[in-house]
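This report describes selected local features of one protein model for a reader who has not met it before. The sequence and structure are shown first, and the description follows.

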Amino acid sequence: MITEAALDNAQWCDAMCRAHGRPGVFGPRAWTNGRRTPPYYPDAVTLTADASVRDVLDGIDRRAPGASVKDSFARLDLTGEGFRPLFEASWIHRPAGRPAPAATDGTHWRAVRTPAELAAWATAWSGGDADEAALFRAGLLDDPATRVVAGYGADGRIAGGAVLSGNGRVTGVSNLFAADGTDPAEAWAGCLGLVDDGGPVVGYESGDDLPPALAAGFEEIGPLRVWLAVDA
């Protein structure tokens, strides 16, 4: 299942890069991008447990500062190549057929449909940081494998959101957030309620964001590690 989660995550990274006019390349063992990717998105993602250092580094731009690699199986050692570990996280998996937890706060969850709605979602996701909000461009709305979803309160304000990515085998959840004091459990319940096929759901979390995911029915299935070039 980690292999499926890594592929889904790489496809989401590629969708974000395409929205910025910088598509990557899928190889047999890694997804790589020869141009610097948008902030918070890696330049390479390993797709198989046997991916090598050369599989990731030969496909990215080492000339510009800030290169990063998502080691999906936490098996690479990039210290000798001028990288340092940035963070570690746990892949999570919610088995198919498990009912979504019930939302109790009255928030209405649906897909974001227009550029204006996406801009409002990005502002809520970023906590009002304009530079971070600008990551989410309108081209994402045209990607058939990507759904940006939001929970709207009775006053119409965004109480939470997430990105759902699908490749026909799993649904990935990323960028989940709870705004204005919303309980993260409500955000998980809301976004999981929009997984239409009842199939397996994957993602990754770390730190204080992991327990709410586990409470929503996810299981930890293995570690990942993100590496950052020391020149960043």
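Ser 126 is in contact (heavy atoms within 4.5 Å) with Glu 132 and Ala 133, leaving aside its neighbours within four places in sequence. The residue is found in helix α3; helices (H or I, at least four residues) and strands (E, at least two) are DSSP runs, numbered from the N terminus. With a relative accessible area of 12%, Ser 126 is buried, a term that means under 20% relative accessible area, as against exposed over 50% and partly exposed in between (1.4 Å probe, protein chains only).

This is a predicted model, in which local features need pLDDT of at least 70 and side-chain atom pairs count only at pLDDT 80 or more, while totals for chains, interfaces and linings use all residues. Residues are numbered from 1 along each chain as its sequence is written, and side-chain values use heavy atoms, with hydrogens and water left out.

**Polar contacts of side chains**

A polar contact is a pair of N or O atoms within 3.5 Å; within protein, one must be able to donate a hydrogen and the other to accept it, and residues adjacent in sequence count only if both atoms are side-chain atoms. The table lists examples.

| Side chain | Partner | Distance |
|---|---|---|
| Ser 126 | backbone oxygen of Thr 123 | 3.2 Å |
| Ser 126 | backbone oxygen of Asp 129 | 3.1 Å |
| Ser 165 | side chain of Asp 8 | 2.9 Å |
| Asp 183 (oxygen) | backbone nitrogen of Ala 185 | within 2.9 Å |

Ser 165 has its place in strand β8 and is buried, with a relative accessible area of 6%. Not counting residues up to four places away in sequence, Ser 165 touches Asp 8, Trp 12, Ala 145, Val 170, Thr 171 and Gly 172. Trp 12 is 153 residues apart from Ser 165 along the chain, yet their C-alpha atoms are separated by 6.3 Å.

**Nonpolar cores**

A nonpolar core is a set of buried Ala, Val, Leu, Ile, Met, Phe, Trp, Tyr and Cys residues joined through side-chain atoms within 4.5 Å. The largest one has 27 residues, of which Trp 12, Val 112, Trp 121 and Phe 136 touch the most other members. At least two residues of this core are supplied by each of α1 (2–19), α3 (115–126), β7 (146–152) and β8 (158–166). Helix α1 gives the largest share, 7 residues. A second, separate core of 17 residues includes Ile 92, Leu 164, Trp 188 and Val 195.

Val 112 has contacts of its own to consider. Apart from neighbours within four places in sequence, Val 112 is in contact with Glu 117, Leu 118, Trp 121, Leu 141, Val 148, Val 149, Ala 150 and Tyr 152.

**Helix α5 and the cysteines**

Helix α5 (residues 184–192) is mostly covered, with 7 of its 9 residues buried. These are Glu 186, Ala 187, Trp 188, Ala 189, Gly 190, Cys 191 and Leu 192. The contact of Asp 183 with Ala 185 lies at the start of α5.

How many disulfides does the structure hold? There are 0 disulfides, a disulfide being a pair of cysteine sulfur atoms within 2.5 Å. Cys 17 is in no disulfide, and the nearest cysteine sulfur, that of Cys 13, is 6.7 Å away. Cys 17 is buried at a relative accessible area of 0%. Cys 191 also counts as buried, at 0% relative accessibility. The closest cysteine sulfur to that of Cys 191 is in Cys 13, and the distance of 18 Å is too far for a bond.

**Strand β4 and its partners**

Two strands pair if DSSP finds at least two bridges between them. Strand β3 (residues 44–46) pairs with β4 in the parallel sense over 2 bridges, and Ala 44 stands opposite Val 69 in β4. Strand β11 (residues 219–229) runs antiparallel to β4 and is joined to it by 4 bridges; here Ser 68 stands opposite Leu 228. Ser 68 and Lys 70 point one way from β4, Val 69 and Asp 71 the other way, and all are buried.

**Positive phi angles**

Ala 74 is found in the loop between β4 (68–71) and β5 (83–94). Although not a glycine, Ala 74 has a positive phi of about 50°. Asn 175, likewise not a glycine, has a positive phi of about 55°. Asn 175 lies in strand β9 (residues 171–178) and counts as buried at 18% relative accessibility.
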